[in-house]
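Visitor: I have some time with a new model and would like a tour by question and answer. Could you walk me through it?

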Amino acid sequence: MNDVSKPAAADRLNRPDLDAFWMPFTANRQFKAEPRLLVGAKGLYYRTEDGREIIDGASGLWCVNAGHGRPEIAEAVGRQLVEMDYAPSFNMGHRLAFDFASELAKLAPEGLDRIFFTNSGSESVDTALKIALAYHRARGEGQRTRLVGREKGYHGVGFGGISVGGLVNNRRMFLTLHGAEHLVHTHDLAKNAFSKGLPSHGAEKADDLERLVALHGAETIAAVIVEPVAGSAGVLPPPVGYLQRLREICTKYGILLIFDEVITGFGRLGAPFASQVFGVTPDIMTTAKGVTNGAFPMGAVFAGRHVHDAIVQGPAGAIELFHGYTYSGHPAACAAGLATLGIYAREGLLTRAADLAPGFEAAVHALKGRRHVIDVRNIGLMAGIDLAPRDGAPGARGFEAHLKAFKAGALIRYTGDTIALSPPLIATPQELERLVGIVGEVVETID
Ligand SMILES: Cc1ncc(COP(=O)(O)O)c(C=O)c1O
């Protein structure tokens, strides 16, 4: 029987029943009243249910670095599922997981060549935090249990990740871990507005770790986790010298430094990892997203040899780390990952952002002076564009920009009143101009 309340247009589009799927991080009722459904994707473009082409200004969700619909990945996954759909990695093994870990280790920053597989960024973060605790415990410093994150940080949605995360909406309804502390964030609109690349002011904010050391004692702190460039908070590149200083303070006190490279990993900044761009090597690095070009759920934690070796010791027959997932090193995920690395290598995508960055920077900074625009920040192929909040309705302009951009043919991310752009690394300079052009036109139409 026909549902008379269903609009005729939706019938023509053969829409699914939208009720049962409780959508993540979504205004469910608003979305279901006015759905934005995608039906296909190729290269830099999505296709909508009504046949429109949408330029992907967000690499899906910061993950489709090599562009959409890569047959090499689809074929590798298909072949693997037929050959061997699943194999456990607990006390069993299969070749692809070892091959993929070896290939990842070749790309890794100096010494971070021990790889633990997960299924997402959130799991990578929780895994890294647990590895940090296990490391200290194995070295006889089990009292180091505090985990330090940073205000405005995003580390996924596990209890570990929200505890070290610094976005209030992700925390306020939930329990957080005892002993999670936060450094001050580095965003300083007054001093750094419209910075190109790294902002000049704020390296001293790394000294906030000294405050936590003075307050709690270094011997209680296990690790500091930061995104080298905060992504979800609205693209906040680190001030010049900040990460170096954080590294020095961590080293001074024996605190492990974890870089969360779930967004910055796999070429976003013009090198395989942000750590290589900034010349700062953490002890542990978390990744996901671009590890399989978003085509298969997967994450990978890169541990320093010193971290791994401290834990992987003791009686030969004993399990060294009581941690892992049913799908750690899933054969199809590894096949997707190996195919993805092949594409990255053949097409030079892990360094391509460095070539595209100057043109992209010029394009996004040309938005200065557009209606509502109060800041533009950029690094590699990432940019944040802040709109002034509407009186009494913070976040409304960001959301409207997202909706209007979709109507105008672009998928963009927004967080609060910040528009975030992170297009696939295959984009041409002309396509980047077009994407930013749409943003420029859209902001002019917002009240
Ligand atoms: C820096 C960072 N860490 C962790 C995550 C969580 O990843 P996932 O959504 O795959 O759990 C994200 C997701 O955007 C992220 O940006």
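The conversation below goes through the sheets, the helix packing and the ligand shell of this predicted model.

Visitor: Happy to start with the sheets. In what order do the strands of the seven-stranded open sheet run?

Guide: This sheet is open and its pairing is mixed. β4 and β6 (180-183) stand at its edges with a single partner strand each, so one side of each has no neighbour in the sheet. Neighbouring strands are turned by 20 degrees against each other on average, direction ignored. Reading across, the order is β4-β10-β9-β8-β7-β5-β6.

Visitor: Let's look at β10, then. Is strand β10 largely enclosed or largely open?

Guide: Take the two sides in turn: G299, V301 and A303 point one way, A300 and F302 point the other way, and all are buried. That makes five of the five residues in 299-303 buried, so β10 is, by the rest of the structure, largely enclosed.

Visitor: Which residue of β10 is the bridge partner of R114?

Guide: Strand β4 (residues 114-118) and β10 pair in the antiparallel sense, with five bridges between them. On the other flank, strand β9 (residues 284-287) is also antiparallel to β10, over four bridges, and there I284 is bridged to A303. For R114, the partner in β10 is A303.

Visitor: How many residues of strand β8 are buried?

Guide: Both faces of β8 are covered. On one side sit L256, I258 and D260, on the other L257 and F259, and each of them is buried. The strand spans residues 256-260 and is largely enclosed by the rest of the structure, because the buried count is five of the five.

Visitor: And in which sense do strand β7 and β8 pair?

Guide: One bridge to look for on your screen joins A223 to L256 of β8. Strand β7 covers residues 221-226, and four bridges link it to β8. The sense of this pairing is parallel.

Visitor: Towards the β6 edge, which residue of β6 is the bridge partner of V148?

Guide: Strand β5 (residues 146-150) and β6 pair in the parallel sense. Four bridges hold that pairing. Within β6, the partner of V148 is E181.

Visitor: What about the open sheet of four strands: which strands stand at its edges?

Guide: The order here is β1-β2-β3-β13, with mixed pairing. The two end strands have a single partner strand each, so one side of each is left without a neighbour in the sheet; they are β1 (38-42) and β13 (410-411).

Visitor: Which residue in the hairpin of β1 and β2 takes a positive phi near 60 degrees?

Guide: β1 and strand β2 (residues 45-48) are antiparallel and share four bridges, with T48 of β2 as the partner of L38. Two residues lie between the strands of this hairpin. The residue with the positive phi is G43.

Visitor: At the other end, which residue of β13 is the bridge partner of D56?

Guide: Strand β3 (residues 53-56) and β13 run parallel. Two bridges join them. In β13, the partner of D56 is L411.

Visitor: On to the helices. Are α15 and α17 roughly parallel or roughly antiparallel?

Guide: Helix α15 (residues 349-365) and helix α17 (residues 429-444) have axes 10 Å apart, at an angle of about 20 degrees. Their crossing is right-handed. Angles under 35 degrees count as roughly parallel, and therefore α15 and α17 are roughly parallel.

Visitor: How does α16 lie relative to α17?

Guide: Helix α16 (residues 396-408) packs against α17 at about 125 degrees, with 9 Å between the axes. That angle makes α16, relative to α17, oblique.

Visitor: Is R95 buried or exposed?

Guide: R95 belongs to helix α5 (residues 95-107). In space its C-alpha lies 8.6 Å from that of P331, although the two are 236 residues apart in sequence. R95 has 11 C-beta neighbours inside 10 Å and therefore counts as exposed.

Visitor: Lastly, the ligand. Which helix gives the largest share of its shell?

Guide: The ligand is surrounded by 15 residues, the closest being S120, G121, S122, G156 and V262. By type, the shell holds six nonpolar, seven polar and two charged residues. The largest share, three residues, comes from helix α6 (residues 121-138).

Notes
Residues numbered from 1 in each chain as written. Predicted model: local features only at pLDDT ≥ 70, side-chain atom pairs only at ≥ 80, totals over all residues. Buried ≥ 20, exposed ≤ 12 C-beta atoms within 10 Å, placed from the backbone. Pairing = 2+ DSSP bridges. Near = placed C-beta within 6 Å. Nonpolar A, V, L, I, M, F, W, Y, C, P; charged D, E, K, R; others polar. Axes fitted to C-alpha atoms, helices over the stretch in contact; angles between N-to-C directions. Parallel < 35°, antiparallel > 145°, perpendicular 65-115°, else oblique. Left-handed = near helix turned anticlockwise from the far one by under 90°.
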